[in-house]
Amino acid sequence: METTRWDIRLDGRPWEGPEAMARYQLTPEKFEMTEGRLFWTDEQRETLLALLLENVGARRAVQLGNPAIWKQAVAEDFFTLIETRHSVRAYTSQPVEAEKLQRILRAAQIAPTAANRQPFRLVVMETHGREADLRRLYYREWFSQAPLVIGVCAVPAEGWTRRDGKNYADVDATIAMDHLILAATALGLGTCWVAAFDPPVARTLLQLPDGMEPIAFTPLGYPADQPSPKTRKPLSDLVIATCDDDSTR
Ligand SMILES: Cc1cc2nc3c(=O)[nH]c(=O)nc-3n(C[C@H](O)[C@H](O)[C@H](O)COP(=O)(O)O)c2cc1C
């Protein structure tokens, strides 16, 4: 039977061989392994991919050497991710791992910004012991349940301004926050956009200098709720088609 050799990377690192085999319950009977590399048929590769996706959870952790398969897996993961994200309004007190927090902040860092000005600042706050302050910032009980609250601020003076005077700093800050939120979802963490906070309290609590505008906050922690079904306007209400085309209905 013809076999193909594929390189596998997990979390960007090379496949760890037997240890990973055990971790993901891949038995050598299913996949032949030599010198830390797996050999398998196309059919076995599909099984392996499914097994890895199922077991690793954060699907982007799995990278198969075949770019086509990888791209397909990434694309599917993305659509699963955006369907999975929901506003979490109940959290456990389980700490957020430092590595996860770093990856989440990195996701915000690489967000696109107008003219690459990056006119935003992220504020990471531990909630423990600051519950009363956080309640003044935003009055919901769940807001300080998670171990962390992250705020994003815009710095208009650093932002790109369009010819008609429109400054894009708050748009940039919002995109960074959305990257952060999606990254958190990918790592099994919950978030909830909060715009209904008290701006003067935010300024005092975060000791924001003039020229820094608080835009949004989110708790960051492990969810203790279940997502409710998504209610959205139909696409036909949201998309203005400019040609006679029924693909958006
Ligand atoms: C800019 C923005 C501000 C929001 N502000 C709040 C808020 O202050 N409090 C809150 O509970 N949810 C807030 N949300 C969450 C929305 O209510 C939520 O995204 C929407 O109902 C859709 O639900 P889903 O996020 O679960 O898909 C905000 C969302 C966005 C995008």
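User: Let's start in the middle of things. Which residue stands opposite Val152 in β9?
Analyst: That's Ala216. Keep in mind that this is a predicted model.

User: OK. And on the β7 side, what stands opposite Val152 in β8?
Analyst: Leu122 does. The strands β7 and β8 run antiparallel and are joined by 7 bridges.

User: How many bridges link β8 and β9?
Analyst: There are 7 bridges, again in the antiparallel sense, with β8 covering residues 148-154. Among the facing pairs, Cys153 stands opposite Pro214 in β9, and Ile150 has Thr218 as its bridge partner in that strand.

User: What sheet do these strands make, open or closed?
Analyst: An open sheet of 3 strands, in the order β7-β8-β9, with antiparallel pairing. The edges are β7 (120-126) and β9 (213-220), each of which pairs on one side only. From one strand to the next, the twist averages 20°.

User: Is β8 buried or exposed?
Analyst: Buried: 7 of the 7 residues of β8 are buried, so the strand is largely enclosed by the rest of the structure. Both of its faces are covered. Leu148, Ile150, Val152 and Ala154 are on one side, with Val149, Gly151 and Cys153 on the other.

User: What about β9, how many of its residues are buried?
Analyst: 7 of the 8 residues of β9 are buried, so that strand is largely enclosed by the rest of the structure too.

User: Stay with Cys153 for a sec. Which residues is Cys153 in contact with, leaving aside neighbours within four places in sequence?
Analyst: The list is Phe120, Arg121, Val123, Ala173, Leu208, Met212, Glu213, Pro214 and Ile215. Pro214 is also the residue that Cys153 stands opposite in β9.

User: Now the core. How many residues are in the largest nonpolar one?
Analyst: It has 37 residues. Those with the most contacts inside it are Val152, Cys153, Ala173, Ala176, Met177, Leu180 and Ala184. The elements giving two or more residues to this core are α4 (98-109), β7, α5 (131-137), β8, α6 (169-186) and β9.

User: Which element gives the most to this core?
Analyst: α6, with 9 residues.

User: Switching topic: the ligand. Which residues surround the ligand?
Analyst: His86, Ser87, Cys192, Trp193, Val194, Ala195, Ala196, Ala216 and Lys230. By class, that shell has 6 nonpolar, 2 polar and 1 charged residues.

User: Hang on, Ala216 came up before, didn't it? Where does Ala216 stand?
Analyst: In β9, where Val152 stands opposite Ala216. So to speak, you meet Ala216 twice: in that strand pairing and around the ligand.

User: Got it. On to loops. Where is Arg130 found?
Analyst: Arg130 is in the loop between β7 and α5.

User: And why is Arg130 called partly exposed?
Analyst: Because Arg130 has 14 other C-beta atoms within 10 Å, and partly exposed falls between the limits of 12 or fewer for exposed and 20 or more for buried.

User: How far is Arg130 from Ser144 in space?
Analyst: They are 8.1 Å apart, C-alpha to C-alpha, and 14 residues apart in sequence.

User: I'm also looking at the stretch before β7. What's the phi of Ala115?
Analyst: It's near 55°, a positive value in a residue other than glycine. Most residues other than glycine have a negative phi. Ala115 sits in the loop between α4 and β7.

User: Ala115: buried or exposed?
Analyst: Exposed, because Ala115 has 11 C-beta neighbours inside 10 Å.

User: Gln118 is in that stretch too. What's the phi of Gln118?
Analyst: Near 50°, which is again a positive value in a residue other than glycine. Gln118 lies in the loop between α4 and β7, and is partly exposed, with 19 other C-beta atoms within 10 Å.

User: Last bit, the whole chain. How many helices and strands are there?
Analyst: 8 helices and 9 strands. The chain has 249 residues, and buried ones make up 24% of them.

User: And for contacts with a separation of 6 or more, what share comes from residues 24 or more positions apart?
Analyst: Those account for 71% of such contacts in the chain.

Methods:
Residues are numbered from 1 along each chain as its sequence is written. This is a predicted model: local features need pLDDT of at least 70, side-chain atom pairs count only at pLDDT 80 or more; totals for chains, interfaces and linings use all residues. A residue is near a molecule or strand if its C-beta atom, placed from the backbone, lies within 6 Å of it. Ala, Val, Leu, Ile, Met, Phe, Trp, Tyr, Cys and Pro count as nonpolar, Asp, Glu, Lys and Arg as charged, and the others, Gly among them, as polar. Two strands pair if DSSP finds at least two bridges between them. Helices (H or I, at least four residues) and strands (E, at least two) are DSSP runs, numbered from the N terminus. Axes are lines fitted to C-alpha atoms, for helices over the stretch in contact, and angles run from 0 to 180 degrees between N-to-C directions. A nonpolar core is a set of buried Ala, Val, Leu, Ile, Met, Phe, Trp, Tyr and Cys residues joined through C-beta atoms within 7 Å. Two residues are in contact if their C-beta atoms, placed from the backbone, lie within 7 Å.
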